[in-house]
Amino acid sequence: MSVQSEIIEFYTDAYDESMRLQRNARGRVERLRTLELLARHLPPTPARVLDIGGGPGVYAAELAARGHEVTLLDPVPLHRSQAARHGGFTVADGDARSLEQADASCDAALLLGPLYHLPERSDRIAALREARRVVRPGGVVLSAVISRHSPLLHLSALGRLTTDEAAENLAAELAESGVNDPETGFTVAYFHTVAELRSEYRDAGLGDPRVYGIEGPLWPLLASELVEDREDLVTAALRAARAAEQDPALIASSAHIMAVATV
Ligand SMILES: C[S@@+](CC[C@H](N)C(=O)[O-])C[C@H]1O[C@@H](n2cnc3c(N)ncnc32)[C@H](O)[C@@H]1O
């Protein structure tokens, strides 16, 4: 089993993932909200945290600085070398669908990326089952996915839904499979509905997870080219995200959705 070469090539040659969470106000909101949800749900320090698909290590570094004992796994060599430069945690190669870690060997497993790079449902279930296997009873599995509605909100905010053709393509993408068309500039990816995320947790033996919108309903405003990087809007977006985080009608308005289950 190997990670699709398109994904490795995308992150190596086409996209600088190491800057994503600080490049703009949208990234900063994602980072701050993800960290606050992690702080709320992770076991107390020093917990053994397995950051599966941890990328260049932004979250691993923050969690290590807070006193957790972190191991980051990622299939992209560039991400591993960027992560290793932070120091303070272990970095290794790894595929979420088949982990080398022993059963019940950590207190928390994070999947903040792999689930949206696995278009096959069976692969996503395998990744969630592996996360469940390596976490001890009472520990937690936290994952993030991309909302099925985020292309609609993002393209609207960028002013790119000005033709019937663009609107029809998007409607088809929303209604159909959830599989991203790599022609859009992103790589092999899957966009979840909240119901799908819940059912994947259940089918992986993780029960019914707690589900949260990460960035909240204001993020498209931050993505809009009409708005400069205004720090006051970051504050407003964080407030809106907290107010709407578990509102069933608004969870999917976030770009990313987090699910948390206790093993
Ligand atoms: C958008 S990045 C997110 C990185 C980091 N977790 C974060 O939230 O900032 C997605 C990451 O998932 C990794 N990934 C993709 N497929 C994977 C798989 N099958 N197993 C483990 N990691 C995978 C990629 O290499 C990439 O580093």
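**Ligand**

I began with His79 and the ligand: a polar side-chain atom of His79 lies 2.8 Å from a ligand oxygen atom. I note here that the model is predicted. I then looked up the nitrogen atoms of the ligand. A nitrogen atom of the ligand is 2.8 Å from a polar backbone atom of Gly53. A ligand nitrogen also lies 3.2 Å from an N or O atom in the side chain of Asp95. Taken alone, the ligand exposes 590 Å², and the protein buries 97% of that area.

I listed the shell next. The ligand is surrounded by 22 residues, and the closest are Gly53, Asp74, His79, Ala96 and Leu112. By class, the shell divides into 11 nonpolar, 7 polar and 4 charged residues.

**Arg80**

I placed Arg80 in helix α4, which covers residues 77–86. The side chain of Arg80 is joined to that of Asp93 by a polar contact of 3.2 Å. Leaving out residues up to four places away in sequence, I found Arg80 touching Asp74, Pro75, Val91, Ala92 and Asp93. Asp74 is also among the residues closest to the ligand.

**Val3**

I found Val3 in the segment before α1 (5–14). Is Val3 buried or partly exposed? I noted 21% relative accessibility for Val3, so the residue counts as partly exposed, since buried means under 20%. Beyond four places in sequence, Val3 touches Ile8, Pro75, Asp95 and Arg97. Pro75 is also one of the residues touched by Arg80, and the side chain of Asp95 is the one recorded above at 3.2 Å from a ligand nitrogen. I also checked Val3 against Asp103: they are 100 residues apart in sequence, and their C-alpha atoms are 23 Å apart.

**Nonpolar cores**

I looked up the largest nonpolar core, which has 29 residues. Which residues have the most contacts inside this core? I noted Ile52, Leu128 and Tyr201. Two or more residues come from each of β1 (48–52), β4 (106–111), α5 (121–134), β5 (135–147), α8 (194–203) and β8 (256–262). The largest share, 5 residues, is from α5.

I followed Leu128 further. Outside its neighbours within four places in sequence, Leu128 is in contact with Leu111, Leu115, Val141, Glu200, Tyr201, Ala204 and Leu206. A second, separate core has 26 residues, including Leu21, Ala64, Leu72 and Ala83. As a general note, nonpolar side chains in soluble globular proteins tend to be buried together.

**Asp107**

I then turned to a charged residue, Asp107, in strand β4. Asp107 has 8% relative accessibility and therefore counts as buried. I recorded two polar contacts for its side chain. One reaches the backbone nitrogen of Arg48 at 2.7 Å. The other is with the side chain of Arg136, at 2.7 Å. Leaving out residues up to four places away in sequence, Asp107 touches Pro43, Ala47, Arg48, Val135, Arg136, Gly139 and Val140.

**Leu238**

My last entry is Leu238, in helix α10 (residues 231–244). Why does Leu238 count as buried? I noted a relative accessible area of 10% for Leu238, and the residue is buried because the cut-off is under 20%. Outside the span of four places in sequence, Leu238 touches Val29, Leu32 and Arg33. I also checked Leu238 against Gly27: the two are 211 residues apart along the chain, with their C-alpha atoms separated by 12 Å.

Note on methods:
Residues are numbered from 1 along each chain as its sequence is written. This is a predicted model: local features need pLDDT of at least 70, side-chain atom pairs count only at pLDDT 80 or more; totals for chains, interfaces and linings use all residues. Side-chain values use heavy atoms; hydrogens and water are left out. A residue is near a molecule or strand if one of its heavy atoms lies within 4 Å of it. A polar contact is a pair of N or O atoms within 3.5 Å; within protein, one must be able to donate a hydrogen and the other to accept it, and residues adjacent in sequence count only if both atoms are side-chain atoms. Accessible areas come from the Shrake-Rupley method with a 1.4 Å probe; for residues, only the protein chains shown count as cover. Ala, Val, Leu, Ile, Met, Phe, Trp, Tyr, Cys and Pro count as nonpolar, Asp, Glu, Lys and Arg as charged, and the others, Gly among them, as polar. A nonpolar core is a set of buried Ala, Val, Leu, Ile, Met, Phe, Trp, Tyr and Cys residues joined through side-chain atoms within 4.5 Å. Buried means under 20% relative accessible area, exposed over 50%, partly exposed in between (1.4 Å probe, protein chains only). Helices (H or I, at least four residues) and strands (E, at least two) are DSSP runs, numbered from the N terminus. Contact means heavy atoms within 4.5 Å.
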